[in-house]
Amino acid sequence: MFVHRKETIMPVNVGAPDARFGQYLLEQFGGATGELTAALQYWVQSFHVTDPALRDMLQDIAMEEFSHLEMVGKLIVQHTAKVDQTPVYDAPLFQMKGVGPHLVDSQGSAWTATYVQEGGNVIRDLRANISAEAGARQTYEALIKRCEDQGTKQVLTHLLTREVTHAQMFMKALDSMGKLDDPMFGTISPDDTVNVVFNLSHGDDHRGPWNEGKIYNGQSFDYIEDPQPRGQIPPSPINPDDEKISRKSK
Ligand code: MN
Ligand code: MN
């Protein structure tokens, strides 16, 4: 069941409308790192997550993301409200589609479900969510740095803050399963290269905890300084319709 309250979760007050900034804000409405992506990702994940506690967490955060989508939408409405003030109204997307928001990103690309990462295993889902929160946080930082309106900045800072909180929640959830620093999950065992690190970019090589020392299964990283191919050169393809090339000899 859904019940909607018309009050926003936090106040949304734009001081000086700026349609160009409104176009930037579309990135967090219909963009890849936006609130629609986050809301639908966590909500759809919650359908197939079997653990009731994690399902509850995902649904709490999904609903908050819908509240964020609403706040970003209200920001865009206010930034595009004065469409007749030509100097302010310098945003091609709104000139074409009218007052926002719309389900496109800041470049006008339509929102797509391919932005959403979900399915198969709750560990995959929770890791994807840490990535989603990082993307959202980064976009809010970019927006805040370009924002000249104090009221808008206050809203965006709150939205950035909440993504930090959500990332922490997902990290704690993974940690509670011992999966925050254990890359292995699922039921298929990796092959014998699981501890092998290939040095495939030569020159100015560096060593660190990512290529030396113990890994999750108690083995140590095996750093291959100068990797050689284990396979052979594959045979040429057979294509009877291809051009028969005879080269002239000089
Ligand atoms: Mn959010
Ligand atoms: Mn979030």
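How many residues does helix α6 have, and how far does α6 reach from its first C-alpha to its last? In this predicted model, α6 covers residues 150-176, a run of 27 residues that reaches 39 Å between its terminal C-alpha atoms. This span is close to the 39 Å expected at 1.5 Å a residue. After the helix comes Gly 178, which has a positive phi near 70°.

The buried positions of α6 are Gly 151, Thr 152, Val 155, Leu 156, Leu 159, Leu 160, Glu 163, His 166, Ala 167, Phe 170, Ala 173 and Leu 174. These buried residues pack against four helices, namely α1 (19-25), α2 (35-48), α3 (52-79) and α5 (122-145).

Two of the buried residues of α6, Glu 163 and His 166, also serve as donors to the manganese ion (ligand 2). Glu 163 contributes OE and His 166 contributes ND1, while Glu 65 and Glu 133 supply further OE donors, Glu 133 being listed twice. The coordination distances run from 2.0 to 2.4 Å. Along the sequence, the donor residues follow the spacing E-x67-E-x29-E-x2-H. Because Glu 133 belongs to helix α5 and Glu 163 to helix α6, the pair ties together parts that are 30 residues apart in sequence. Both Glu 133 and Glu 163 are buried. A separation of 3.7 Å is found between the manganese ion (ligand 2) and the manganese ion (ligand 1), and Glu 65 coordinates both ions.

The structure contains six salt bridges. Among them is the pair of Glu 141 and Arg 137, whose closest N and O atoms are 2.9 Å apart. Glu 141 also meets Lys 145 in a salt bridge, with an N to O distance of 2.8 Å. Arg 137, Glu 141 and Lys 145 are thereby linked in a network of salt bridges. Glu 141 and Arg 137 are four residues apart in helix α5, so about one helical turn separates them. The same separation of about one helical turn holds for Lys 145 and Glu 141, because these too are four residues apart in α5.

Within this network, Glu 141 is partly exposed, at a relative accessible area of 24%. Arg 137 is likewise partly exposed, at 24%, whereas Lys 145 is exposed, with a relative accessible area of 61%. Another salt bridge joins the side chains of Asp 182 and Lys 179, at 3.0 Å from N to O. Both Asp 182 and Lys 179 are buried.

Terms used
Residues are numbered from 1 along each chain as its sequence is written. Chains are lettered from A and ligands numbered from 1 in the order in which they are written. This is a predicted model: local features need pLDDT of at least 70, side-chain atom pairs count only at pLDDT 80 or more; totals for chains, interfaces and linings use all residues. Side-chain values use heavy atoms; hydrogens and water are left out. The expected span of a helix is 1.5 Å times one less than its number of residues. Buried means under 20% relative accessible area, exposed over 50%, partly exposed in between (1.4 Å probe, protein chains only). Contact means heavy atoms within 4.5 Å. Donors are N, O and S atoms within 2.8 Å of the metal (3.2 Å for Na, K and Ca); water is not among the atoms, so sites may look incomplete. A salt bridge is a side-chain nitrogen of Lys or Arg within 4 Å of a carboxyl oxygen of Asp or Glu.
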